Amino acid sequence: MKGRILEKAAAVVCALVMGVGVMSGAVLAKDGEIPETPAASPEPPEATFVVVDLDLPASPADAGIADVLPASDTELSLPETASPAEVTDNRSSVPLLVAGETVAACPIIGGIPYADAATFCRALGLDISTSVTDESATLSGAIELTAHADDIWFRCNGRCLLAENGVRLQNGQALLPVRALTKCLGVTAYWDRVQWTVSIDDPTVIPLESGDTFYDETDLYWLSRAIYAEAGSQSLRGQIAVGNVVMNRIADGSFAEQNNVYDVIFAKNQFEVVSNGMIYMEPDNTAILAAKIALEGFDVTGGATYFATFDFGEGYECLTWIEDHCFMVEA
């Protein structure tokens, strides 16, 4: 703790020495380089995981009524008269269908469908080599994937993706969330909680773009620093959540002139770490990882646009507490 306090103090002194140019928003980069004008944040990924819920049309072809994660250009939403459906079936697994044929079973872990990564890839016609132990898994071929037991994330083509309920390695299989696997392979999967199936109608694979080209350098630079300064003592999930608030503000559209990561963080009187200079501390690897997962569109907050160490109360709704922070939206 003492070392962290000294580190933060040093950062503040450094920021003050850097002078007015820094505090007025001059963009600083690694090794003293100055990046170009902040670019717009990456567009949200296309819809890759569609949840068809109880009391709604069972066939994805009837969609118009579906819950799409994440949002796509074509808005699919529940009608105003529909009430939220309650899932009461406690099945431990459901069939995985590709082009109408059952190819495997998807275990349900923490209420969401998982699949063995190698089986999932091969069901889509991919030639994949695998190496799975009790501690790690590697897939090579159309995609390059690595995962470690019990982590809440894994790497695919240099991208960092969330495994909501943890990576599970067992019996020579690498079990990962279907939602994340569909993102890896560029396919759309339907999690049908009416018929209790996971189905892929079009098995055409478009492998995930490399992380070398996907992550915007400026966005990653500032988001990782904001996460480290605000939540460096929190778990990976807690750090992802802080990154989610920044990304959700960009997507919300109601925050004036907060259209990219830099503008959100440096908006007047919004992030204390800007005014106290802690934003300029070098982030650790966990903060960089959290920033990448947030930039991928994975949200652990449920859409929060504010966070604090206390509930704001009247006028705000607390969506969730993650460790020391309450994550909120305006009511």
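Begin with the open sheet in this predicted model: 3 strands in the order β15-β17-β16, with antiparallel pairing. Select β15 (306-308) and β16 (316-322) next; these are the edge strands, and each pairs on one side only. From one strand to the next, the twist averages 30 degrees.

**Stop two: β15 against β17.** Select strand β17, residues 325-330. It runs antiparallel to β15, and 3 bridges join the two. Which residue of β17 is the bridge partner of F307? Show F327: that is the partner. A reminder while you are here: strands of a sheet pair through backbone hydrogen bonds, either parallel or antiparallel.

**Stop three: the helix on the sheet.** Add helix α7, residues 236-252. Helix α7 packs on the sheet and touches β15, β16 and β17. Compare directions: that of α7 makes about 20 degrees with that of β17.

**Stop four: Q173.** Leave the sheet and select strand β12, residues 173-177. Q173 lies in this strand. Is Q173 buried, partly exposed or exposed? Its relative accessibility is 32%, so Q173 counts as partly exposed; the partly exposed class lies between under 20% for buried and over 50% for exposed.

Now show what Q173 touches. Set aside its neighbours within four places in sequence. Q173 is then in contact with D116, V132 and R168.

Finish with a distance. Pick the C-alpha atoms of Q173 and A117. The two residues are 56 apart in sequence, yet their C-alpha atoms are 7.5 Å apart in space.

How values were computed
Residues numbered from 1 in each chain as written. Predicted model: local features only at pLDDT ≥ 70, side-chain atom pairs only at ≥ 80, totals over all residues. Heavy atoms only, no water. Helix = DSSP H or I, 4+ residues; strand = E, 2+ residues; numbered from the N terminus. Buried < 20%, exposed > 50% of the residue type's maximum accessible area, 1.4 Å probe, protein only. Contact = heavy atoms within 4.5 Å. Pairing = 2+ DSSP bridges. Axes fitted to C-alpha atoms, helices over the stretch in contact; angles between N-to-C directions.
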